[in-house]
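Subject: Structure handover

Hi,

Here is the structure you are taking over. Please open it next to this note and follow along.

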Amino acid sequence: MSLTLRSGCKVNLLLNILGKRPDGFHELETVLHPIGLHDELSFSAADRGVQFTCSDPTLPADGSNLVVKAANGFFARWSGPGARIHLHKRIPAAAGLGGGSGNAATTLLGLNKFFGRPLTDLALVEIAAGLGSDVPFFLQGKPALGLGRGEQVTVLDPFPCLSKVWIVLLRPNFGVSTPWAYQELARYPVALKGRPGRASELIETLRSGDLPRACSLLYNSLEAPVLARYPLLEVFQEFFRRHHALGSLMSGSGSTTFALFDGEAAAQRAVAAIPTEFGDTNWIAAVPLMAS
Ligand code: C5P
């Protein structure tokens, strides 16, 4: 018997950093939106231990992989038999899309389902928060406000004004290290100490249905260090605006740029123009924002 689950990704419509904390993390407010692009995780029983395989040979398959960390966290709380886990990877890594965090959360959900729910939802949230700031978000996979270091998740109702919006994702052929991006913030005092309240402003505006104004409120503090180091990402945003995007922003710590479009036709016109402008070594995806 085996169980296969989809493991999604996200963009940050807003990532407003408020300051550095004594524990080294950064206090922030973020608006996370799930994206309907998926990896696949399969679970089956093993006599003991965690046996992990991955379709992407460039990713570590040892204890440093978040899937293995999540499975070890699960079996530390519940001493059942072992599990064989296979990850079929489609979402790029080091992309600011939370693919690895999604894999960790899906591992917790998958093992708990596979073994007949030995752990409570609260236990899963606790394990998730210890694995990474974005992991608790992926346990529920709905639009959410993230506070603290991102792990304090409040689920938001879907925003009807986004129902016809398409999102285009463009990841260059390099990734960005998240710890590096956060460390660099020390050199950008304005970005390091964002004005609190941007998240509620965006959420209220999305609720009001004023999509153009909401798109003007998209914000990411990490753009300050990352765009300075990788100017191509700024060029991506200019390209999308020239191609009639409603808004464009870097997701998470990069390197993915996303752009929102009024419908599929506008999104596909921009996608069709990418190879001419930027060659064919980039990862591109275009999906309805509210598909999951
Ligand atoms: O929590 P996660 O493992 O995703 O964080 C990766 C790194 O990003 C952390 O080690 C830390 O350097 C940085 N980070 C941070 N503040 C946050 C989230 C992440 O400084 N709120």
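The ligand sits in the largest pocket. Keep in mind that this is a predicted model.

**Ligand shell**

Two elements each give two or more residues to the shell around the ligand: strand 2 and helix 5 (178-184). Helix 5 provides the largest share, 3 residues. The full set of surrounding residues is G24, F25, H26, L28, G132, S133, R149, T178, P179 and Y182.

**Polar contacts**

Three short distances are worth loading into your viewer.

- H26: a polar side-chain atom is 2.7 Å from an oxygen atom of the ligand.
- S133: a polar side-chain atom is 2.6 Å from an oxygen atom of the ligand.
- R149: here a backbone N or O atom is involved, 3.0 Å from a nitrogen atom of the ligand.

How much of the ligand's accessible area does the protein cover? On its own, the ligand has 450 Å² of accessible area, and the protein covers 73% of that.

**Strand 1 and its partners**

Strand 1 spans residues 2-20 and is mostly covered. Of its 19 residues, 14 are buried. Strand 2 takes in residues 26-46. The two strands pair in the antiparallel sense, over 16 bridges. They form a hairpin, with 5 residues between them. G24 is in that turn and has a positive phi of about 95°. G24 is also one of the residues around the ligand.

Strand 1 has a link to strand 8 (residues 219-220) as well. These two run parallel and are joined by 2 bridges.

What does L15 stand opposite in strand 2? That residue is T30. In strand 8, L15 stands opposite N220. So L15 is a handy place to pick up both pairings, with T30 in strand 2 and N220 in strand 8.

As background for reading the sheet: in a regular strand, side chains alternate between the two faces of the sheet.

**V190**

Is V190 buried or exposed? V190 is exposed, because its relative accessible area is 70% and the cut-off for exposed is over 50%. V190 belongs to helix 6 (residues 189-192). Its C-alpha atom is separated from that of L32 by 22 Å. Along the chain, V190 and L32 are 158 residues apart.

**Where to start**

I would load the ligand first, then the contacts of H26, S133 and R149. After that, go to the hairpin of strand 1 and strand 2.

Best wishes

Notes: Residues numbered from 1 in each chain as written. Predicted model: local features only at pLDDT ≥ 70, side-chain atom pairs only at ≥ 80, totals over all residues. Heavy atoms only, no water. Buried < 20%, exposed > 50% of the residue type's maximum accessible area, 1.4 Å probe, protein only. Helix = DSSP H or I, 4+ residues; strand = E, 2+ residues; numbered from the N terminus. Pairing = 2+ DSSP bridges. Near = heavy atom within 4 Å. Polar contact = N/O pair within 3.5 Å; in protein donor to acceptor, adjacent residues only side chain to side chain. Areas by Shrake-Rupley, 256 points an atom, 1.4 Å probe, with all protein chains shown as cover. 1 Å grid on protein atoms, 1.4 Å probe; cavity = no way out; pocket = protein on both sides within 12 Å on 5 of 7 lines; lining within 4 Å. Sits in = over half its atoms within 2 Å of the grid points.
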